[in-house]
Amino acid sequence: PGGSVDAWSGDDAPPDGAPASGERGGVRTLGSDVAVPGDGRSETTRGRDGGPDGRVVITGDVYGDVVLDAARTAPALQGRVRDHAGEADALVAWLDRDGILDGAVLLGGAGDEIPVDVAHAGAGEALVLGALTGEARLGAHTLVGGRSSRSGDAVPGTWLASVRDDGEVRWAVCVICGDDVIALPSEVAIAEDGSIAVMGSYLARGDVSVGADVLPATGIDATAPFAGFVARLGSDGSPRWARAITAESVQVRGIALAADGDVLVTGEVLRGEARFATAGGEVRIARGGFAARLTGDGATYEWALGLASEGGGAVRGVAPLGEDVVIAGTFSGTLALGASTLSSESRSVDVFVARLDALGVPRWARALGGPGDETGAEIAIDGERVLVAGGYAGCARLDGSSGVRSRGGRDQHVVEHDAGGHPSWAAASRGGATGDEDAFA
């Protein structure tokens, strides 16, 4: 955002040093003209999703006015500028299959509206998940966040809205908002029937009500641990159920919905133990990554799997593949996954991808990396093929044999695996000589 990138399309020759495998798509830039004193330019793009029509929807926050294409052929959208801190507004933009702007909405009120994820919800419609402080105005809907009873300051809450590309906000709800509650959103997923699952983290001085369910208090002082939350909502945003994931310190990372309505969640236990109540008994997962499958009614976990490596790690990406589940994340040292034991090179941080059966038992697992650290590990499914996106530094063996070297800092990669987990092809961008470029979607 606000800059330029070295881009190439499928009909052009790749830039010097680019790998030859993998089909390339165009790259577009979004820039803004911002009048925040002392800032100059400020916008952050966070979430994206694609629909069957080939359109891509992206979301992020904007301070001031934003011009949505470098050629300035689209009109500027007017945001708000208050003071040196500014107030963040929510941007939702649609691009066609060629990356050309095809609709945009800017939403905001007196407070901050900071979207973090978006999901395609039908023709010209998107679900936008975000955080708010103070009063948020989303179309004709006004949401009000909570405050600290001690300081009186506004505290962040989590909101969800259904937004159309013509500017209409069909509905907007607070998922978790309230006094003495800090709720930070993470990801949103949508099922074929239109029902929704969201996840995030929260701190609360007392118990938190979400519909008919109650999430336990965590405390809200500087030493209190964040807990994770998973909430299932109807197609209109109404709450169905909510569950907490707690430990001495835990981070939730990814969420997806299986075809049968089960909720797939991933994350990382940083300290203590996270406990998952399954039909076969309680599963305790200590420090390291985790993946779990929660029944569609939120009653129990089908299974929970801990992924502990010597140097720590996390599970980030998750997606259903038929009745199976594919996960991806990062690890350091060795990582045992079923019959496979993965080892990172030179004890650096590498990426792993694994396919689990319906009971959470690994079918196969692969490691991607090299002597440098790899990041990201988001995944997408195309038929039986599994694509993994992330970042790499130094030399990385992305396809299991030949190496690719980043240009200075950290660059992007995407790797495709076949149904048996074998790399089909790998593609890597090579950015600037000193900067870092990461792929997170």
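This is a stop-by-stop tour of the predicted model, saying what to select and what is there.

**Stop 1: the whole chain**

Show the whole chain as a cartoon. The chain has 34 strands and 0 helices. Of its 441 residues, 52% count as buried. Now turn on the surface. The accessible surface comes to about 18,400 Å², and carbon and sulfur atoms account for 47% of that. Contacts reach far along the sequence: among those with a separation of 6 or more, 54% join residues 24 or more positions apart.

**Stop 2: colour by confidence**

Colour by pLDDT before going further. The chain averages 81, and 79% of its residues reach 70 or more. Select residues 1-43. Here the pLDDT is below 50, although the stretch has 79 contacts in the model beyond near neighbours in sequence. Then select residues 81-86. The pLDDT stays under 50 there too, and the model has 14 contacts for this stretch beyond four places in sequence. Where pLDDT is low, the predicted coordinates should not be read in detail. Hide both stretches if they clutter the view.

**Stop 3: Thr158**

Select strand 11, residues 157-164, and pick out Thr158. Is Thr158 buried or exposed? Thr158 counts as buried because its relative accessible area is 0%, under the 20% cut-off. Show its neighbours as sticks. Beyond four places in sequence, Thr158 touches Leu129, Gly130 and Phe229, among others. Its contacts also include the run Val173, Cys174, Val175, Ile176 and Cys177. Ala183, Leu184 and Pro185 are on the list as well. Next, draw a distance from Thr158 to Met199. These two are 41 residues apart along the chain, and their C-alpha atoms are separated by 9.7 Å.

**Stop 4: Ser186**

Keep Met199 on screen and select Ser186, in strand 13. Ser186 touches Met199 and Gly200. Val116, Asp117, Leu129, Val252 and Arg253 are also among its contacts beyond four places in sequence. Leu129 appeared at the previous stop, as a contact of Thr158. Ser186 has a relative accessible area of 19%, so it falls under the 20% limit and counts as buried.

**Stop 5: Asp180**

Go to the loop between strand 12 (169-176) and strand 13 (181-190), and select Asp180. Check its backbone. Phi of Asp180 is near 60°, a positive value in a residue other than glycine. Most residues other than glycine have a negative phi. Asp180 is buried, with a relative accessible area of 12%.

**Stop 6: salt bridges**

Side chains of opposite charge can pair when their charged atoms come close. How many salt bridges does a search of the whole structure find? The search finds 19.

- Select Arg293 and Asp262. Their closest N and O atoms are 2.9 Å apart. This salt bridge links distant parts of the chain, 31 residues apart: Arg293 is in strand 23 (residues 288-294), and Asp262 is in the loop between strand 19 (249-257) and strand 20 (263-271). Both Arg293 and Asp262 are buried.
- Select Arg284 and Glu282. The closest N and O atoms of this salt bridge are 3.0 Å apart. Arg284 is partly exposed, at 46% relative accessible area. Glu282 is also partly exposed, at 47%.
- Select Asp382 and Arg385. In this salt bridge the closest N and O atoms are 2.3 Å apart. Asp382 is partly exposed at 38%, and Arg385 is partly exposed at 36%.
- Select Asp324, Arg355, Arg363 and Glu384. Salt bridges with shared partners join these four into one network.

**Stop 7: a four-stranded sheet**

Return to the cartoon. Select strands 25, 26, 29 and 30. They form an open sheet of 4 strands in the order 25-26-29-30, with antiparallel pairing. Which strands stand at the edges? Strand 25 (313-321) and strand 30 (362-368) do; each has a single partner strand, so one side of each is left without a neighbour in the sheet. Look along the sheet for its twist. Neighbouring strands are turned by 20° against each other on average, direction ignored.

Finish on one pair. Strand 25 and strand 26 (residues 324-332) pair in the antiparallel sense over 8 bridges. Zoom in on Leu321: its bridge partner in strand 26 is Asp324. Asp324 also belongs to the salt-bridge network of the previous stop.

Methods:
Residues are numbered from 1 along each chain as its sequence is written. This is a predicted model: local features need pLDDT of at least 70, side-chain atom pairs count only at pLDDT 80 or more; totals for chains, interfaces and linings use all residues. Side-chain values use heavy atoms; hydrogens and water are left out. Helices (H or I, at least four residues) and strands (E, at least two) are DSSP runs, numbered from the N terminus. Buried means under 20% relative accessible area, exposed over 50%, partly exposed in between (1.4 Å probe, protein chains only). Contact means heavy atoms within 4.5 Å. Accessible areas come from the Shrake-Rupley method with a 1.4 Å probe; for residues, only the protein chains shown count as cover. A salt bridge is a side-chain nitrogen of Lys or Arg within 4 Å of a carboxyl oxygen of Asp or Glu. Two strands pair if DSSP finds at least two bridges between them. Axes are lines fitted to C-alpha atoms, for helices over the stretch in contact, and angles run from 0 to 180 degrees between N-to-C directions. pLDDT is the predictor's confidence in each residue, from 0 to 100.
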